Amino acid sequence: MGTIRRISVGVAAAALLAGTAACGSEETDDRSQGSGGENTSARAAFEALSAAAESTENVTSADFEGVTRSPDTMGGEVEITGSMSWESTLVMEMSMTGEQFTADPSVPSVIDVVWLDGVMYMDMGEEFAAETGGRNWMRMDLMAIAEASGDQDTADTLSYGLSESNQDPAQQVALLLQSPEIEHVGQETLDGATVDHYQGTISVEDALNADSDALTDEERETIVGFMESQGIDSYDIEVWLDENDFPIQIHQSYETALGPVESEMRYSNLGTEVSVTEPPADAVVDWLDLLEQLE
């Protein structure tokens, strides 16, 4: 059972970071002065991103691929591909590979992940199943784990991972709208298409004082609490919009007390049909149950 403890913690950290997508959506009138004021260029960038936030509300599913890079203690480098839908609640299926997996021969080189109702299921492979009575799927109810954790940093990370992973690309655009200064970097070519590149920085103060109907007090407190507990002063966010004002690429980076973290996501096949099913009950073992057995 020692293998289970070792691999599940590292894989869970990697999956949490790899599955993130940030938050918020908002009206343009009140914030336009704060996002450039009389600066015509900044105002135009803000208005373009506001239009993008609105347009993405009409898109409720997409395929995605991405990479997250972080210190080894936070999961290392992870690459993901999959599909997600956020029409009513987030559902997602993806494949995940990274440093945490290739470093340990007992871990599959590619891990399949299913996300339903705030619960993450990971196919941990044959060696894991051999130690769990033939059950190859590990179930992680992130909120339950956060509440059960005696480590506040772990609880904060898990809670924030749950909060972020319940977000969609429209909300990532809206997080950029919290920045007091939004810059239109220019037009670029991405996968053969012309896109508009925008960037901005969001500080703890920006997140705390954001005037946004889509950011509830609880969401704002969660974001600020995580940033402060992890030693994050600010986020740098970049968004690339296609001709339909959809954010087809989003890049985030920030410094934590443990080191730098950055992630990049690309979205495609907008409106794709996403069908996600929960693994069979007799093939699932709960991570908290495993920890109790190890005590």
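Buried here means under 20% relative accessible area, exposed means over 50%, and partly exposed is whatever falls in between. Keep that handy for the exercises below, and remember that this is a predicted model.

**Exercise 1. Work out how strand β1 sits in the fold: is it mostly covered, and which strands does it pair with?**

Step 1. Start with cover. Strand β1 spans residues 61-69, and seven of its nine residues are buried. That makes β1 mostly covered.

Step 2. Look for one partner. Eight bridges tie β1 to strand β2, residues 78-85, and the two run antiparallel. To find your place on screen, pick Ser61: its bridge partner in β2 is Ser85.

Step 3. Look for another partner. Seven bridges join β1 to β11, again in an antiparallel arrangement. Here Gly66 is a handy marker, with Met265 as its bridge partner in β11.

Solution: β1 is mostly covered, and it pairs antiparallel with β2 and with β11.

**Exercise 2. Find the salt bridges: how many does the structure hold, and how exposed is each residue of the Asp286 and Arg139 pair?**

Step 1. Count them. The structure holds three salt bridges.

Step 2. Take Asp286 and Arg139. Their side chains meet with N to O at 2.9 Å. This pair links distant parts of the chain, with Asp286 in strand β12 (residues 284-286) and Arg139 in strand β6 (residues 137-141), 147 residues apart.

Step 3. Apply the cut-offs. Asp286 has 16% relative accessibility, so it counts as buried. Arg139 has 24%, so it is partly exposed.

Step 4. Move to Arg266 and Asp191, whose closest N and O atoms are 3.0 Å apart. This pair also links distant parts of the chain: Arg266 lies in strand β11 (residues 259-268) and Asp191 in the loop between β7 and β8, 75 residues apart. Arg266, at 27%, counts as partly exposed, while Asp191, at 67%, counts as exposed.

Step 5. Finish with Arg69 and Glu77, where the closest N and O atoms are 3.4 Å apart. Both residues are partly exposed: Arg69 has 37% relative accessibility, and Glu77 has 28%.

Solution: there are three salt bridges. In the Asp286 and Arg139 pair, Asp286 is buried and Arg139 is partly exposed.

**Exercise 3. Sort out the nonpolar interior: which residues touch the most other members of the largest core, and which helix gives the most to it?**

Step 1. Go to the largest nonpolar core, which has 60 residues. Leu49 and Met122 touch the most other members.

Step 2. Ask who contributes. Helix α2, residues 40-56, gives the most to this core, with six residues.

Step 3. Check for anything separate. Another core, of ten residues, lies apart from it; among its members are Trp137, Val274, Val276 and Val284.

Solution: Leu49 and Met122, with helix α2 as the top contributor.

**Exercise 4. Describe the chain as a whole: how many helices and strands does it have, and what percentage of its residues is buried?**

Step 1. Tally the elements: ten helices and twelve strands.

Step 2. Check burial. Of the 295 residues in the chain, 54% are buried.

Step 3. Turn to the surface. The chain exposes about 13,300 Å², and carbon and sulfur atoms supply 42% of that.

Step 4. Look at contacts between residues at least 6 apart in sequence: 60% of them join residues at least 24 apart.

Solution: ten helices and twelve strands, with 54% of residues buried.

How values were computed
Residues are numbered from 1 along each chain as its sequence is written. This is a predicted model: local features need pLDDT of at least 70, side-chain atom pairs count only at pLDDT 80 or more; totals for chains, interfaces and linings use all residues. Side-chain values use heavy atoms; hydrogens and water are left out. Helices (H or I, at least four residues) and strands (E, at least two) are DSSP runs, numbered from the N terminus. Buried means under 20% relative accessible area, exposed over 50%, partly exposed in between (1.4 Å probe, protein chains only). Contact means heavy atoms within 4.5 Å. Accessible areas come from the Shrake-Rupley method with a 1.4 Å probe; for residues, only the protein chains shown count as cover. A salt bridge is a side-chain nitrogen of Lys or Arg within 4 Å of a carboxyl oxygen of Asp or Glu. Two strands pair if DSSP finds at least two bridges between them. A nonpolar core is a set of buried Ala, Val, Leu, Ile, Met, Phe, Trp, Tyr and Cys residues joined through side-chain atoms within 4.5 Å.
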